[in-house]
Amino acid sequence: MTTSFGLIIGSGWENLPGNDPGAEVGTAYGKPSAPVHRLQFGKTHVLTLARHGEGHSLPPHVINYRANVVALKKLGADAVIGLNTVGVITGLREPGQIAIPDQLLDYTWGREHTIYDGRRGKVAHIDFTEPFSDGLRRELLAAAGKAGVDCCDGGVYATTQGPRLETAAEVDRLERDGADYIGMTAMPEAAIAREVGVHYACIAMIVNRAAGRGDVPIHDDVESSTLAARNATMSLLEAFFEAV
Ligand code: HPA
């Protein structure tokens with residue numbers, strides 16, 4: 001079976017999606033964050049979408065996650081890879097490195113987070129025990145291995161509401177809850193992908209130590225770590241799309 005891939009591209013990489021004109025896609029949930037582009041990785045065409053809009057105009061809590069996932073599905077994607085920048089809480093990895101988380105905690109609120117919203121005549125309760133697609137996670141990890149990229153296998157991604165970063169006490173609480181990474185965008189994206197039947201996994205690009213955990217200001221950390229995380233992600237993706 002051939003898989004068609006969508007890539008939802010997060011902060012710090014707005015020029016990645018490609019420079020073809022892009023397709024404006026309408027969905028039952030409204031418009032996605034941006035036109036959907038096609039990016040060529042080796043012989044593979046990948047659908048790409050800038051999660052925060054072109055020009056990074058949409059903060060995490062106003063993104064139309066439903067329209068983003070549904071638009072990619074409508075154009076034929078049956079697997080979606082989310083690129084999500086995160087801060088790291090525990091010692092699993094360092095800023096500048098990457099991870100493929102295997103679990104999620106959701107602290108977001110007020111987002112349109114489900115297609116089963118009671119307005120469309122159908123209610124369903126998806127099984128979300130394992131929030132990421134294991135097959136896709138394994139393939140991403142194999143690609144990292146092939147590319148010689150150090151990539152952490154697993155860890156718990158806590159999704160916060162943003163757009164502000166956390167207080168040090170909030171990070172302590174998240175660690176007590178079991179979180180390893182903090183980001184603002186994996187939820188409800190992952191749940192909606194499960195609801196619409198699209199495989200989903202996330203490449204967590206670690207760009208800073210979480211609040212209260214580093215010895216430099218967070219934004220300095222982000223500035224000095226983003227490029228390394230991006231390069232690692234690009235090497236992984238190139239190896240991944242060479243293999244599919
Ligand atoms: N907290 C929340 N979201 C983030 C962070 C963080 O430290 N870094 C990148 N996205």
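The surroundings of the ligand and the two largest pockets are described here for a predicted model.

The ligand occupies the largest pocket, and the residues around the ligand are Thr-85, Val-86, Gly-87, Leu-165, Glu-166, Ile-182, Gly-183, Met-184, Val-207 and Asn-208. Three polar approaches to ligand nitrogen atoms can be described: an N or O atom in the side chain of Asn-208 lies 2.6 Å from a nitrogen atom of the ligand, a polar side-chain atom of Glu-166 is 2.8 Å from a ligand nitrogen, and a polar backbone atom of Thr-85 is placed 3.4 Å from a nitrogen atom of the ligand. Of the 270 Å² of accessible area that the ligand has on its own, 91% is covered by the protein. Strands S4 (79–88), S9 (181–183) and S10 (199–209) each give two or more residues to the shell, with the largest share, 3 residues, coming from S4. By class, this shell comprises 5 nonpolar, 4 polar and 1 charged residues.

The largest pocket itself has a volume of about 510 Å³ and is lined by 27 residues, of which Ser-11, Thr-85, Leu-165, Met-184 and Val-207 lie nearest its centre. Two or more lining residues are given by each of S4, S9, S10 and helix H5 (218–243), and the lining as a whole divides into 12 nonpolar, 13 polar and 2 charged residues.

The second largest pocket, with a volume of about 180 Å³, has a lining that includes Tyr-107, Trp-109, Arg-164, Leu-165, Glu-166, Glu-170 and Arg-173; by class, its lining residues are 4 nonpolar, 3 polar and 4 charged. Leu-165 and Glu-166, listed in this lining, are also found among the residues around the ligand.

Notes
Residues numbered from 1 in each chain as written. Predicted model: local features only at pLDDT ≥ 70, side-chain atom pairs only at ≥ 80, totals over all residues. Heavy atoms only, no water. Near = heavy atom within 4 Å. Polar contact = N/O pair within 3.5 Å; in protein donor to acceptor, adjacent residues only side chain to side chain. Areas by Shrake-Rupley, 256 points an atom, 1.4 Å probe, with all protein chains shown as cover. 1 Å grid on protein atoms, 1.4 Å probe; cavity = no way out; pocket = protein on both sides within 12 Å on 5 of 7 lines; lining within 4 Å. Sits in = over half its atoms within 2 Å of the grid points. Helix = DSSP H or I, 4+ residues; strand = E, 2+ residues; numbered from the N terminus. Nonpolar A, V, L, I, M, F, W, Y, C, P; charged D, E, K, R; others polar. Points joined across faces, edges and corners; volume = space filled by probe spheres on them.
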